[in-house]
Amino acid sequence: MAISDLALVEAWKDVLKLSKLTAGEQVSLLVSDDSNPQLVSTARIAVGQLGGILTILQLPPLNGDVALSRDKSGYVGHTALKGNRPALEAMKHSDLVIDTMMLLFSPEQDEILKTGARMLLACEPPEVMLRMKPNADDGRRATNAANRLATAKTMTVTSKAGTDFRCDLGQYPVLKQQGFVDRAGGWDHWPSCFVATWPNEGSSEGTIVIDTGDILLPFKRYAREPIRLTIEGGVIRKIEGGFEAEYLRSYMETFDDPDAYAMAHVGWGLHNRAHWTTLGLYDREAGLSMDARSFMGNFLWSSGPNTEAGGNRDTPCHMDIPLRGCSLSLDGEPMTIDGRVIPADQL
Ligand SMILES: O=c1ccc(O)c[nH]1
């Protein structure tokens with residue numbers, strides 16, 4: 001259902017205040033043909049009302065002829081910013097970049113963040129942006145979880161469906177997502193609330209079972225039958241099952257890229273206004289489905305790129321696969337049991 005411009009302007013102001021936007025700061029608003037026009041028009045007003053000095057950068061679209069879907073997360077890391085020096089320099093000289101195009105996993109995003117600029121990705125439908133609008137308590141839960149993850153040496157994940165996965169941790173930084181960006185050089189995504197990190201290279205081992213009802217992104221589908229993945233040495237070696245397994249194998253094969261099978265970020269959802277059910281209620285092309293990535297207690301694992309963590313694996317094939325009913329532990333301490341978040345400071 002539609003959202004009024006007034007409500008969206010007010011929401012932008014709340015999120016920008018949480019992101020510590022102060023009068024006089026330089027703000028770049030990155031726009032492309034796939035950006036949501038209402039998000040862009042209301043962001044312009046909110047930035048102005050908070051005294052931000054606004055530059056709007058409109059870039060041409062890219063990848064429409066090579067991606068297999070319109071989902072922005074379906075072909076990542078290669079953007080129209082590549083080789084565009086005027087736009088890149090403008091963002092490198094900004095205090096805050098609002099990204100409605102999706103620079104995620106691009107080397108240009110890293111280059112911008114290294115200058116100390118803050119970056120906020122914002123590309124979900126306005127009604128999702130409002131329903132999942134971040135608040136300080138999201139930041140509290142995500143920070144507590146991120147602090148625990150930052151000291152962990154091993155992650156183990158099991159489930160009644162048959163998942164039995166483990167990896168070593170510590171090589172890569174923690175990805176904390178709270179929906180607003182309040183530190184220099186930080187990146188966040190409105191709307192989201194989850195924590196993750198990348199397994200130490202080569203350390204992921206075991207079995208992940210995508211059970212009936214688990215979600216495959218960017219397919220925007222609930223699996224209708226189990227898919228069994230075998231992971232050895234940090235790489236998905238086997239994808240077994242019926243039609244769903246064949247579909248996943250076939251999609252990943254189209255990229256013809258061995259890096260697509262590498263394990264990427266692993267973590268768990270902490271958003272208490274996100275729902276497993278919404279994926280079936282929205283047009284699949286409406287957004288990225290941040291409900292699916294963020295719902296409380298999921299085990300969100302992914303495959304492909306690690307550029308966001310400072311790695312050099314920049315394959316455009318990125319799967320985000322949140323599972324229900326998993327038990328995720330760090331050094332033997334449960335973070336979730338059967339899909340329920342356990343630590344009190346994360347509730
Ligand atoms: O917000 C996001 C979206 C996709 C992803 O892989 C990580 N974080």
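**Exercise 1. Determine which residues Ser329 is in contact with, leaving aside its neighbours within four places in sequence.**

Solution. Ser329 is in contact with Thr154, Met155, Thr156, Pro334 and Met335 once neighbours within four places in sequence are left aside; contact means heavy atoms within 4.5 Å. One of these residues, Met155, is 174 residues from Ser329 in sequence, while their C-alpha atoms are 5.7 Å apart in space. Ser329 itself is placed in strand S18. Helices (H or I, at least four residues) and strands (E, at least two) are DSSP runs, numbered from the N terminus.

Before the next exercise, the basis of the model should be stated. The model is predicted: local features need pLDDT of at least 70, side-chain atom pairs count only at pLDDT 80 or more, and totals for chains, interfaces and linings use all residues. Residues are numbered from 1 along each chain as its sequence is written, and side-chain values use heavy atoms, with hydrogens and water left out.

**Exercise 2. State whether Ser329 is buried or exposed, and explain why strand S18 is described as largely enclosed.**

Solution. Step 1: the terms are fixed by relative accessible area, where buried means under 20%, exposed over 50%, and partly exposed in between (1.4 Å probe, protein chains only). Step 2: Ser329 has a relative accessible area of 14%, so this residue is buried. Step 3: in S18 (residues 326–330), 5 of the 5 residues are buried, and the strand is therefore largely enclosed by the rest of the structure. Step 4: on one side of S18 the buried residues are Cys326, Leu328 and Leu330, and on the other they are Ser327 and Ser329, so that both faces are covered.

**Exercise 3. Identify the strands that pair with S18, and the sense in which they pair.**

Solution. Step 1: two strands pair if DSSP finds at least two bridges between them. Step 2: strand S5 (residues 154–159) pairs with S18 in the antiparallel sense over 5 bridges, and Ser159 stands opposite Cys326. Step 3: strand S19 (residues 333–334) also pairs with S18 in the antiparallel sense, over 2 bridges; here Leu330 stands opposite Glu333. Step 4: S18 and S19 form a hairpin with 2 residues between them, and Asp331 in the turn has a positive phi of about 50 degrees.

**Exercise 4. Describe the residues around the ligand and the polar side-chain atoms that approach it.**

Solution. Step 1: the residues around the ligand, each with a heavy atom within 4 Å of it, include Gln177, His189, Phe194 and Asp320. Step 2: the shell divides into 5 nonpolar, 4 polar and 2 charged residues. In this division Ala, Val, Leu, Ile, Met, Phe, Trp, Tyr, Cys and Pro count as nonpolar, Asp, Glu, Lys and Arg as charged, and the others, Gly among them, as polar. Step 3: an N or O atom in the side chain of Gln177 is 2.7 Å from a nitrogen atom of the ligand. Polar side-chain atoms lie at 2.6 Å from a ligand oxygen atom in His189 and at 3.0 Å from a ligand oxygen atom in Asp320. Step 4: the ligand taken alone exposes 240 Å², and the protein buries 100% of that (accessible areas come from the Shrake-Rupley method with a 1.4 Å probe; for residues, only the protein chains shown count as cover).

**Exercise 5. Locate Gln177 and Phe194 in the strand pairing.**

Solution. Step 1: strand S7 (residues 174–177) runs antiparallel to S9 and is joined to it by 4 bridges. Step 2: Gln177 stands opposite Phe194 in S9. Step 3: S9 (residues 194–197) is covered on both faces, with Phe194 and Ala196 buried on one side and Val195 and Thr197 buried on the other.

Terms used: A polar contact is a pair of N or O atoms within 3.5 Å; within protein, one must be able to donate a hydrogen and the other to accept it, and residues adjacent in sequence count only if both atoms are side-chain atoms.
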